[in-house]
Amino acid sequence: MGWWTHLWLNEGFASYIEYLAVDHIFPKWDIWNQFMQSDFNAALYYDGLKHTHPIEVEVHHPSEITAVFDAVSYSKGASIIRMLADYLGEKKFRDGLRRYLKTHRYGNAETGDLWNALAHVSGKPVAKIMANWTGKAGYPLLTVSEKKNGFEIKQSRFFASAISERETRDSTTWHVPISFEHGGKKGRVLLASRAANVPNADPYFKLNVGESALFRTRYPKKVREALGLAVQSKKLQVRDRLGLVRDIFALAEPDKLSATDGLAFAANYKNETEYVVWSALASGLGKLHS
């Protein structure tokens, strides 16, 4: 790294690559499920607080260095790298990294150098897409609402506290890479505005398939019910089952949903067999118990 401001290039990448390597050597382990339970959850939790900080923090004096060695640099850093790798595709992401490493070998680099290398290979405006992911604190909440002929998706910053949300009044707009399954079809879209419309109001509507992007989702009751049936039948993969119950319980804290909604959705998991999903369930129930 060129300076401590870009610490995440070292530590976020280290946190990401350890899972990537294990997944390559032992694919049957499904190590990304463990990533969801550890680093991804840590990023969502700590960066949902009012007093978080951007991934890139200007360090002006050596006494400030230790402040950036935390879950935002490590876990959020790893999570947005995973999100970008999924968006660009494995080959382009790998080729972009090769270009980045060769260009800056025996030297130093900054965040913009990585974005330039990935943009050169992928042809996508990586720096523009990632600017607010590293330069601003927090991450988005995508709220799905029913409209006359479909759904509307709105983004806002997620806060674990309703009081923090009112006091901060953050209006950041992220470029959010969204994978989705809707009406029996899968697709991808980049949400670069505050809101977007989705035609065809099929109640089965899952955002963030595979839980690769760093955001939470709030669904209306009709969609939650359809997704609940998919949880019961295990039509949804492990990471999607984990993400749904994690978000629903988390949204009860700032009163975006109710605790009753969390308990009702948790009932869909009575035949669940995966440890990481039960860990998310136990965490949500534990908070209610407290």
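## Close-up views of a predicted model

**View 1. A salt bridge joins D170 to R157.** The side chains of D170 and R157 meet in a salt bridge, with 3.0 Å from N to O, where a salt bridge is a side-chain nitrogen of Lys or Arg within 4 Å of a carboxyl oxygen of Asp or Glu. D170 lies in the loop between α7 and β3 (176–182) and R157 in strand β2, so the pair ties together parts that are 13 residues apart in sequence; helices (H or I, at least four residues) and strands (E, at least two) are DSSP runs, numbered from the N terminus. R157 is buried, with a relative accessible area of 6%, whereas D170 counts as partly exposed at 24% relative accessibility. In these legends buried means under 20% relative accessible area, exposed over 50%, and partly exposed in between, with a 1.4 Å probe and protein chains only. The model is a predicted one, in which local features need pLDDT of at least 70 and side-chain atom pairs count only at pLDDT 80 or more, while totals for chains, interfaces and linings use all residues. Residues are numbered from 1 along each chain as its sequence is written, and side-chain values use heavy atoms, with hydrogens and water left out.

**View 2. Helix α7 takes part in salt bridges through E167 and E165.** The structure holds 18 salt bridges, and one of them is formed by K50 with E167, whose closest N and O atoms are 2.6 Å apart. K50 lies in the loop between α2 and α3 (71–88) and E167 in helix α7 (residues 162–168), so this pair ties together parts that are 117 residues apart in sequence. E167 counts as exposed at 51% relative accessibility, while K50, at 33%, counts as partly exposed. K256 forms a salt bridge with E165, and here the closest N and O atoms are 3.0 Å apart. This pair links distant parts of the chain, with K256 in the loop between α9 (238–252) and α10 (259–266) and E165 in helix α7, 91 residues apart. K256 is partly exposed, with a relative accessible area of 21%, and E165 counts as partly exposed at 26%.

**View 3. Salt bridges link K206, E211, R216, D240, R246 and D247 into a network.** The residue R216 in this network is also the starting residue of edge strand β7 (216–218), a strand of the sheet in the next view.

**View 4. Four strands form an open sheet with the order β5-β2-β1-β7.** The pairing in this open sheet of 4 strands is mixed, and two strands pair if DSSP finds at least two bridges between them. The edge strands, each pairing on one side only, are β5 (195–199) and β7 (216–218). Neighbouring strands of this sheet are turned by 25 degrees against each other on average, direction ignored, where the axes are lines fitted to C-alpha atoms, for helices over the stretch in contact, and angles run from 0 to 180 degrees between N-to-C directions. Strand β1 (residues 140–147) and β2 pair in the antiparallel sense over 8 bridges, and they form a hairpin with 2 residues between them. In this hairpin E146 has F151 of β2 as its bridge partner. On the other pairing, 5 bridges join β2 (residues 150–157) to β5, and these strands run antiparallel; E152 stands opposite N197 in β5, and I153 stands opposite A196. In β2, 6 of the 8 residues are buried, so this strand is largely enclosed by the rest of the structure.

**View 5. Aromatic rings link helices α1 and α2.** The count comes to 16 aromatic pairs, for which rings of Phe, Tyr and Trp (its six-membered ring) pair if their centres lie within 6.5 Å, and planes under 30 degrees apart count as stacked, over 60 as edge-to-face and the rest as tilted. The rings of Y19 and W32 have their centres 5.8 Å apart and their planes at 25 degrees, so this pair is stacked. Y19 lies in helix α1 and W32 in helix α2 (residues 31–46), so the pair ties together parts that are 13 residues apart in sequence. Y19 and W32 are both buried, and they belong to a cluster in which ring pairs link F13, Y16, Y19, W32, F35, F40 and F93.
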